[in-house]
Structures are given as C-alpha cells and as structure tokens.
Amino acid sequence: MKLSQYGYEFTPEMLAKYPAENRDESRLMVINRKTGAIEHRIFKEILDYFEEKDLFVLNDTKVFPARLYGNKEKTGAEIEIFLLRELNRELRLWDVLVDPARKIRIGNKLYFGDDDLLVAEVIDNTTSRGRTLRFLFDGSYEEFKQTLFSLGETPLPKWVREKVEPEDAERYQTIFAAHEGAVAAPTAGMHFSKHLMKRMEIKGVDRAFITLHVGLGNFRTVDVEDLSKHKMDSEQFFVTDEAAEAVNTAKTEGHKVVAIGTTVMRTLETAVSTNGMIKPMEGWTNKFIFAPYDFTVADAMVTNFHLPYSTQLMMVAAFGGYENVMNAYKVAKEEGYRFGTYGDAMLIL
C-alpha cells in the first residue's frame, strides 16, 4: 500500500469543532468486514452488537494541560511551549516543542505566568522544533507540578479549534482517564458515558484497561510514498497482569475482544506473543500498522473518522479492509458524519 491510496476529498466543514452534547449520542457507523454492509446507529446502541462476557479494551491514559504561553528573556517575545514528556523528575527536565523555534537557543531563559511565576532555561536543542527545558523552581516536586499544570491549557489540536474553551478540560478526556501522561486524547474512548458504562455492567459486557500515553506522533504527517519507510514516534504503554488475563480469558473462551481506538489496537498488537496471547508488559512502542497486516487479538474495533493520509486511517483500513473503509468514508461524507477528534464513531465488526 502507498501513501497516495489514503487520500479522499476532505473539506474543513466535515471536521467537528465541538463534541456531541452527550458523549454517547454521537453517530455510529457500523461496518461488517465480511460483507462490507453499513448500518447507521447512535453510539449508545453499540451494546446491541455484543453479548455477555465480550470484552471492551479501553485506554485509561489521562491528558495533561500540555500547552503553555510565555515570554523570552530580554526581548519579551511571545512563545508557545508544548510539553511532550518529563525527562527527569529531580532535575525538572522536560522535552518540549517551541514555537517559534528559530529564536530560541541554548541558554535562553523563558518566563511563564504573572510575575514570572515559572522560569525555564533551554539546555539542549534536540530537533529543529524540539528543546529540552530545565524548570527553575525551589519548592517541592508536587508544588512544581501543580504550578506547571496550572499555567498550562488543554492541548486540543489547533486544527479542531484555535481557541480552547473551559469545557474542553473535561470534554477532551475520557471519563475513565486515570494515568497522566498523554498530550492527545484517545478519541474513541470519549464516546463512553457513565450511563453507557453502567449498561455494559448490567449486560455483562466486560472491560479491561491498558494505558498508552498518546503523543504528538499521532498527528505527524507521513511524507514518504512507500509506507514501509515511515517511522512512528515511540509512545509509552502499560499492560497489567489483570488486563492481559482479561484479554486472554476472553480469547480462550471464544468471546469477542473489542479494541476501543487505534491506541488500544497498537498496544494489543505490541504485547501479543507468538501463541496469540497477551503478555503483561510495559515499555515503548513505535509499531506502525498498515495493510497487509494479520491482526491476532481484536475481533472488532471502535474508532473515529480520521483525516486523509493519517496513520490512524491506515490502521483502520488494514483492519476493516481497504475497500470497505474507503467506501465507508465516502458514505460518511454523503451522510454528514462529523470527522476528527470531536467527531462521530465507527464500529468495525
């Protein structure tokens, strides 16, 4: 498969700028992999397709307020910092993106908040846009983290909406978010409401949680026609004993395993052993899934409608079948489905 095969006619109007009023009332397109048949439903009706002991695997990563605005020393020039990940807790070192990057050099000090509440020093240039910052802070680690996050804003992608609004802090997050570390939300999980989770419980549909801290690599453009030459950014993941046991039990007993989102699918396919069972593990994955690919764990997946040429679309097409998925996107456009982070969902069976 080549990059050019994943284009489709996209217009900005197709992109959802705001989420559905209620999480579980976004639209749900259901695709049958074998027949290519399409149904149009509401997300809260998803349980109609599953039985007792089927297993939903969800990503419980938590998005932190990763975007900060500050000023450069002396010139006072405005800069935007995007926190990527903590490198060293004791030394307060963070890997960040800087915009505009060209004016920020090693040794520069950056100031954040009223009365320069937080100061950082640039200590390394890692890439054209990336930097390592050392935050200069005298208090405890807890006080530092609280200060840092109080200055940050929800990292809603700017292609969704330029201006972040107060509601985004809660809405750009799943209701089961537990482990802080993501700079982007696992969007398929955002369709689940407390009410839907309760109905899952009543019906006996099981759940398991893995953690994959979603990074900005999800949005990195693919710039090679030959997909085998594209390198994904690594993302940290955790599969607990409990999660592995739940997946393996469902598989062994013949129940469906449902990957809620591309991040879950990538984690499961990273943690699977040669016998098709999941191993408890933690580490970093840069697994890039595109057709042809033999999936060994999930029987179904839930995902949003992704942008053209994106790695998420490539994975979905590998799972659902290229022709099926590209046809579904055509139908979605005709039927007015909402695309992107805050958009509608697709269930592939």
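Trainee: How many bridges join strand 5 to strand 8?
Mentor: This is a predicted model. Strand 5 covers residues 67-72 and runs antiparallel to strand 8. Within the pair, Lys 72 stands opposite Leu 110. The number of bridges joining strand 5 to strand 8 is three.

Trainee: Which residue in strand 9 does Leu 110 stand opposite?
Mentor: Strand 8 is also joined to strand 9 (residues 118-125), by four bridges, and the two run antiparallel. Leu 110 belongs to strand 8, which spans residues 109-112. In strand 9, the residue opposite Leu 110 is Ala 120.

Trainee: Which side chains of strand 8 are buried?
Mentor: The side chains alternate along the strand. Lys 109 and Tyr 111 point to one face and are not buried. The other face carries the buried pair, Leu 110 and Phe 112.

Trainee: Which residue in the hairpin of strand 8 and strand 9 takes a positive phi?
Mentor: Five residues lie between the two strands of this hairpin. The positive phi is near 85 degrees, and the residue that takes it is Gly 113.

Trainee: Is Arg 131 buried or exposed?
Mentor: Arg 131 lies in strand 10, residues 130-136. The residues it touches include Trp 94, Val 98, Ile 104 and Asp 124. The cut-off for buried is under 20% relative accessible area. Arg 131 is at 4% relative accessibility, so it counts as buried.

Trainee: Which backbone oxygen does the side chain of Arg 131 reach?
Mentor: Ile 104 is one of the residues that Arg 131 touches. The side chain of Arg 131 comes to 3.0 Å from a backbone oxygen, that of Ile 104.

Trainee: Which strands are the edge strands of the nine-stranded sheet?
Mentor: The sheet is open, with mixed pairing and the order 2-1-17-16-14-3-12-13-15. An edge strand here pairs on one side only. The edge strands are strand 2 (38-42) and strand 15 (281-285).

Trainee: Which residue in strand 14 does Phe 56 stand opposite?
Mentor: Strand 3 (residues 55-59) and strand 14 (residues 257-260) run parallel and are joined by three bridges. Opposite Phe 56, in strand 14, stands Val 258.

Trainee: What angle does the direction of helix 3 make with that of strand 12?
Mentor: Helix 3 (residues 194-203) packs on the sheet. It touches strand 3 and strand 12 (206-212). The angle between the directions of helix 3 and strand 12 is about 130 degrees.

Trainee: Which helix gives the largest share of the largest nonpolar core?
Mentor: This core has 66 residues, of which Met 29, Ile 278 and Met 346 touch the most other members. Met 29 touches Met 346 itself, as well as residues including Phe 305 and Tyr 337. The largest share of the core is seven residues, from helix 6 (residues 311-320).

Trainee: How many residues of helix 5 are buried?
Mentor: Helix 5 spans residues 262-271. Among its buried residues are Val 264, Met 265, Arg 266 and Glu 269. The helix is largely enclosed by the rest of the structure, because the buried residues number nine of the ten.

Trainee: What is the radius of gyration of the protein?
Mentor: The protein has seven helices and 17 strands. For 349 residues the globule rule gives 20 Å, and the protein comes close to that, so it is as compact as a globular protein of that length. Its radius of gyration is 21 Å.

Key: Residues numbered from 1 in each chain as written. Predicted model: local features only at pLDDT ≥ 70, side-chain atom pairs only at ≥ 80, totals over all residues. Heavy atoms only, no water. Buried < 20%, exposed > 50% of the residue type's maximum accessible area, 1.4 Å probe, protein only. Contact = heavy atoms within 4.5 Å. Polar contact = N/O pair within 3.5 Å; in protein donor to acceptor, adjacent residues only side chain to side chain. Pairing = 2+ DSSP bridges. Axes fitted to C-alpha atoms, helices over the stretch in contact; angles between N-to-C directions. Core = buried A, V, L, I, M, F, W, Y, C linked by side-chain atoms within 4.5 Å. Rg over C-alpha atoms; globule rule 2.2 N^0.38 Å. Lists of a residue's contacts leave out its neighbours within four places in sequence.
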